[in-house]
Amino acid sequence: MKPSAFIVLLMLCAGLSGCVSDSTNPEVEENTQRYTFTADTLNRSADGGASFNLAENLQDGPMIFLWVSTGSHGCHDWTDALYAAAENGTLSNDSIVTIHRYPDFESRQSLHNVYGSQNNSTHPTSWPVVIPDDDTPVFDMDTQSLVVGKTVFEAFDYPLSPTLQIFNTHGDIVWTSDEYRPTQFSLNNVVEILQGVDDANTLD
């Protein structure tokens, strides 16, 4: 292979990495420190109020975080798959949160246009849509003390979009996937892992 062609191939691979990954890691991941925050929502009836607090919501059970941008086809497909699962009762709306990954670059109105309205949005949600930003305070889950100098995005490992994270009720991220597009297998995997975490919480 000519050197110039090899360099082009490396550049293409680098550009695709992290954006279209189909890797799924089913192993438990536990942070040494657990975090919580309070951030604005789209303030619809599905959001349960104008703000969302992670620690408070985890008291009701483990949760799926779906980190999204407005223009990502993978985010759209995952939203549609989770929406269908909530509609048919496979998942509960109470166990899903959509969280905006790039609020500095995408407006709240564009977020609403894509995910906010069950009647008018292109990829509607029936669960909370949360909008943190770089100024959203982050707190230690256990001590409730302010974590200085850490953004929400850093606290949760700078997720790409789409990224799915499953939290147990203690605030640990127990599973992460950056699979770009959902398949029936990957959706079943999410449901099974969430159920397994829920069962483990019941036994605690």
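## Largest pocket and two buried loop residues

The largest pocket is lined by Asp-60, Gly-61, Pro-62, Thr-90, Leu-91, Ser-92, Asp-94, Ser-95, Val-191, Leu-194, Gln-195 and Asp-198. This description rests on a predicted model. The space in the largest pocket amounts to about 210 Å³. Sorted by class, its lining comprises four nonpolar, five polar and three charged residues.

**Overall architecture and confidence**

The protein contains six helices and nine strands. Of its 204 residues, 48% are buried. Among contacts between residues at least 6 apart in sequence, 70% join residues at least 24 apart.

The average pLDDT of the protein is 87, and 83% of the residues score at least 70. Residues 2-26 have a pLDDT below 50, and beyond near neighbours in sequence this stretch has 20 contacts in the model. Where pLDDT is low, the predicted coordinates should not be read in detail.

**Two loop residues**

Asp-47 and Thr-136 are set out below by location, accessibility and polar contact.

| Residue | Loop | Relative accessible area | Side-chain polar contact |
|---|---|---|---|
| Asp-47 | between strand 2 (35-41) and strand 3 (51-53) | 5% | backbone nitrogen of Val-129, 2.8 Å |
| Thr-136 | between strand 6 (129-131) and strand 7 (138-140) | 8% | backbone nitrogen of Asp-133, 2.9 Å |

Asp-47 counts as buried because its relative accessible area, 5%, falls under the 20% cut-off. From the loop between strand 2 and strand 3, the side chain of Asp-47 reaches the backbone nitrogen of Val-129 at 2.8 Å. Not counting residues up to four places away in sequence, Asp-47 touches Thr-41, Leu-42, Trp-127, Pro-128 and Val-129. Val-129 thus appears both as the polar partner of the Asp-47 side chain and in the list of residues that Asp-47 touches.

Thr-136 lies in the loop between strand 6 and strand 7. With a relative accessibility of 8%, Thr-136 is likewise under 20% and is therefore classed as buried. The side chain of Thr-136 reaches the backbone nitrogen of Asp-133 at 2.9 Å. With residues up to four places away in sequence left out, Thr-136 touches Phe-37, Thr-38, Ala-39 and Val-152. Val-152 is 16 residues from Thr-136 along the chain, and the C-alpha atoms of the two are separated by 6.7 Å.

Methods
Residues are numbered from 1 along each chain as its sequence is written. This is a predicted model: local features need pLDDT of at least 70, side-chain atom pairs count only at pLDDT 80 or more; totals for chains, interfaces and linings use all residues. Side-chain values use heavy atoms; hydrogens and water are left out. Helices (H or I, at least four residues) and strands (E, at least two) are DSSP runs, numbered from the N terminus. Buried means under 20% relative accessible area, exposed over 50%, partly exposed in between (1.4 Å probe, protein chains only). A polar contact is a pair of N or O atoms within 3.5 Å; within protein, one must be able to donate a hydrogen and the other to accept it, and residues adjacent in sequence count only if both atoms are side-chain atoms. Contact means heavy atoms within 4.5 Å. pLDDT is the predictor's confidence in each residue, from 0 to 100. On a 1 Å grid over the protein atoms alone, a cavity is a set of points where a 1.4 Å probe fits but cannot get out, and a pocket is an open set with protein on both sides within 12 Å along at least five of seven lines; lining residues have an atom within 4 Å of a point. Grid points are joined across faces, edges and corners, and a volume is the space filled by probe spheres set on the points. Ala, Val, Leu, Ile, Met, Phe, Trp, Tyr, Cys and Pro count as nonpolar, Asp, Glu, Lys and Arg as charged, and the others, Gly among them, as polar.
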